Amino acid sequence: MTETWMIDEPAHAGPEHLDPAFVAGFDRKQGRPDPAEDLAELRAHGVGPHSTVVDLGAGTGQFALAAAREFDRVVAVDVSPAMLEFLRDRAAETGVTGRLECVRGGFLGYEHTSSPADAVHSRHALHQLPDFWKALALERIARLLRPGGVLRLRDLVYDFEPGQAEAVMERWFAGAATDPARGYTRHDLAEHVRTEFSTFRWLLEPMLSAAGFDIARVDYSNGVYGAYTCVRR
């Protein structure tokens, strides 16, 4: 998708994600999220050892590296050269390079090759796109999956009504980290709200349905963190 009206995805990636110094401390700031639950969800929906899994917004590979130890083909996609360089180095260290492909691209630019994927995973990346582009991204994800394929989507999604925003934000910010090297601070979270594009649950879920997905499971934490397991119709 290279028409002139298309969005510039690297420009919406968050400038810090393009910075090698930030990338070096990214896992620590993220809290090194355990991919075990996401892998279990994929297994529970029929994604097996011989499957192809695409990780969109792969970052430093917390999920992709674990997935490459379990599935035959994992494609780690990210717009950031710094993230991909870090991930390639980690893949070489852990011995999974034979099963892991690193591709520079985004939700709107990645072109899947060979047979349709069995699953797509994405964690805390889709919110970088405004809603119009989210809807296009979800439709593109559906097209790269086989019928019955699984989307495991985690993101910052707002599970409250607009009138509750002030109270929810204050509660969320109150639990923020104090050390920016070890977590997201109050300033970080406020900047996310101001400059990125998290959407309401009651807007995201119709987008998923319109793209061709049925929601098999959904869980929310603190009214701002959503975890979706979706199956392509």
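Here is a short chat about a predicted model, covering an annotated domain, a helix and a cavity.

Reader: Hey, what does UniProt list for residues 53-149?

Author: The unreviewed UniProt entry has "domain: Methyltransferase" there.

Reader: OK, and how much helix and strand is in that stretch?

Author: Residues 53-149 are 36% helix and 28% strand. The C-alpha atoms at the two ends of the stretch sit 10 Å apart.

Reader: Switching to helix α7, which residues are buried there?

Author: Helix α7 runs over residues 165-174, and V168, M169, W172 and F173 are buried in it.

Reader: Why do they line one face of the helix?

Author: Looking down the axis of α7, the buried residues fall within an arc of 130°, so they line one face. In general, an α-helix has 3.6 residues a turn, so residues three or four places apart point the same way.

Reader: And what's on the face turned away from the buried side?

Author: That face of α7 carries exposed residues: E166, A167, R171 and A174.

Reader: So what covers the buried ones?

Author: The cover includes strand β5 (145-156), helix α8 (186-195) and strand β7 (225-232).

Reader: New topic: how many cavities of 30 Å³ or more does the structure hold?

Author: There is 1 cavity of that kind. The largest cavity has about 30 Å³ of space.

Reader: Which residues line the largest cavity?

Author: Its lining is made of L126, H127, K134, D155, L156, V157, T199 and L204.

Reader: How many of those are nonpolar, polar or charged?

Author: The lining divides into 4 nonpolar, 2 polar and 2 charged residues.

How values were computed. Residues are numbered from 1 along each chain as its sequence is written. This is a predicted model: local features need pLDDT of at least 70, side-chain atom pairs count only at pLDDT 80 or more; totals for chains, interfaces and linings use all residues. Side-chain values use heavy atoms; hydrogens and water are left out. UniProt positions are given in the numbering used here, feature names are shortened, and annotations may be inferred rather than shown by experiment. Helices (H or I, at least four residues) and strands (E, at least two) are DSSP runs, numbered from the N terminus. Buried means under 20% relative accessible area, exposed over 50%, partly exposed in between (1.4 Å probe, protein chains only). The arc is that of the directions from the helix axis to the C-beta atoms. Contact means heavy atoms within 4.5 Å. On a 1 Å grid over the protein atoms alone, a cavity is a set of points where a 1.4 Å probe fits but cannot get out, and a pocket is an open set with protein on both sides within 12 Å along at least five of seven lines; lining residues have an atom within 4 Å of a point. Grid points are joined across faces, edges and corners, and a volume is the space filled by probe spheres set on the points. Ala, Val, Leu, Ile, Met, Phe, Trp, Tyr, Cys and Pro count as nonpolar, Asp, Glu, Lys and Arg as charged, and the others, Gly among them, as polar.
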